Amino acid sequence: MEELVLVKVAEEYASQIADYRQEMLDMGSSMDGTGSLKVMENPYDYIAKCRDYEKKETLPEGRVIATQFLLIRRSDNKIVGMIQVRHHFNEYLEKYSGHIGYSVRPSERKKGYAKTMLKMALPFCNSIGLDKVLITCDEDNEGSERTIRANGGEFESIIFEPNEGINLKRFWVKTDQAN
Ligand SMILES: CC(C)(COP(=O)(O)OP(=O)(O)OC[C@H]1O[C@@H](n2cnc3c(N)ncnc32)[C@H](O)[C@@H]1OP(=O)(O)O)[C@@H](O)C(=O)NCCC(=O)NCCS
């Protein structure tokens with residue numbers, strides 16, 4: 001696979017963030033693991049918002065500290081995926097959304113990027129004290145389920161999410177994988 005790097009969201013990627021967002025909107029894709037990107041047209045505002053989530057002083061009420069990463073393909077400096085790590089749970093995250101959300105841009109799917117991106121995020125999760133992370137997916141999201149299972153995800157249970165009216169599968173992934 002081509003060389004990939006996982007970087008924290010930053011101003012130098014502003015135009016690529018806008019490009020990623022546009023492709024997701026054009027394709028009608030769900031924007032999991034991107035925080036509020038869907039509703040934020042200006043990438044600089046989005047980056048500032050991500051920063052607000054990084055420390056208690058600026059964290060919006062009821063939210064938890066979160067770190068936003070971009071998966072960059074070195075050869076063309078393109079964002080191929082995005083992944084968000086939530087450092088703690090609130091009531092909703094503990095049941096339904098878990099510690100991690102992610103997406104891969106539609107034009108770059110089925111190339112193994114989601115599997116690699118999740119693998120690359122696990123050491124960070126471990127470094128912030130999470131020995132294992134909860135990851136959930138729609139019960140019919142085969143691509144996401146395979147991504148989680150490829151990273152050692154252990155199925156726990158299915159839970160009904162009432163707002164969307166969908167069943168979610170809950171998985172736990174250990175973060176100290178030495179491979
Ligand atoms: C789910 C998603 C992240 C997968 O990204 P991806 O880069 O295509 O995934 P990968 O290429 O790493 O593939 C992972 C596995 O899923 C399989 N897969 C990927 N997309 C699939 C699909 N649409 N249907 C069935 N299997 C699929 C791959 O074949 C691979 O399986 P394998 O390891 O058994 O060969 C991507 O489709 C996406 O961004 N979807 C919208 C957002 C989303 O659903 N995020 C997850 C929220 S829980």
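Tutor: A polar contact is a pair of N or O atoms within 3.5 Å. The model discussed here is predicted.

Student: How far is an oxygen atom of the ligand from a polar backbone atom of Lys-110?

Tutor: Lys-110 is listed among the closest of the 21 residues that surround the ligand. The pair in question joins a ligand oxygen to a polar atom in the backbone of Lys-110. Their separation is 2.7 Å.

Student: Which residue has a side-chain N or O atom 2.8 Å from an oxygen atom of the ligand?

Tutor: For the side chain of Arg-109, the distance from an N or O atom to a ligand oxygen is 3.3 Å, so the limit of 3.5 Å for a polar contact is met. The value of 2.8 Å belongs to a side-chain N or O atom of Arg-146.

Student: Are H4 and H5 parallel or oblique to each other?

Tutor: Helix H4 covers residues 113-127 and helix H5 residues 142-150, and they pack at about 45 degrees with axes 9 Å apart. Angles under 35 degrees count as roughly parallel, and 65 to 115 as roughly perpendicular. H4 is therefore oblique to H5.

Student: Which residues of H5 are met by Ala-114, Lys-115 and Leu-118 in H4?

Tutor: The contact of H4 with H5 has 4 nonpolar, 1 polar and 1 charged residues. On the H5 side, the residues are Thr-147, Ile-148 and Ala-150.

Student: How many nonpolar residues does the contact of H1 with H2 have?

Tutor: Helix H1 (residues 14-26) packs against helix H2 (residues 43-52) at about 100 degrees, and the two are therefore roughly perpendicular. Ala-14, Ile-17 and Ala-18 of H1 make the contact with Pro-43, Tyr-44, Tyr-46 and Ile-47 of H2. There are no polar and no charged residues in this contact, and the nonpolar count is 7.

Key:
Residues numbered from 1 in each chain as written. Predicted model: local features only at pLDDT ≥ 70, side-chain atom pairs only at ≥ 80, totals over all residues. Heavy atoms only, no water. Axes fitted to C-alpha atoms, helices over the stretch in contact; angles between N-to-C directions. Helix = DSSP H or I, 4+ residues; strand = E, 2+ residues; numbered from the N terminus. Parallel < 35°, antiparallel > 145°, perpendicular 65-115°, else oblique. Contact = heavy atoms within 4.5 Å. Nonpolar A, V, L, I, M, F, W, Y, C, P; charged D, E, K, R; others polar. Near = heavy atom within 4 Å. Polar contact = N/O pair within 3.5 Å; in protein donor to acceptor, adjacent residues only side chain to side chain.
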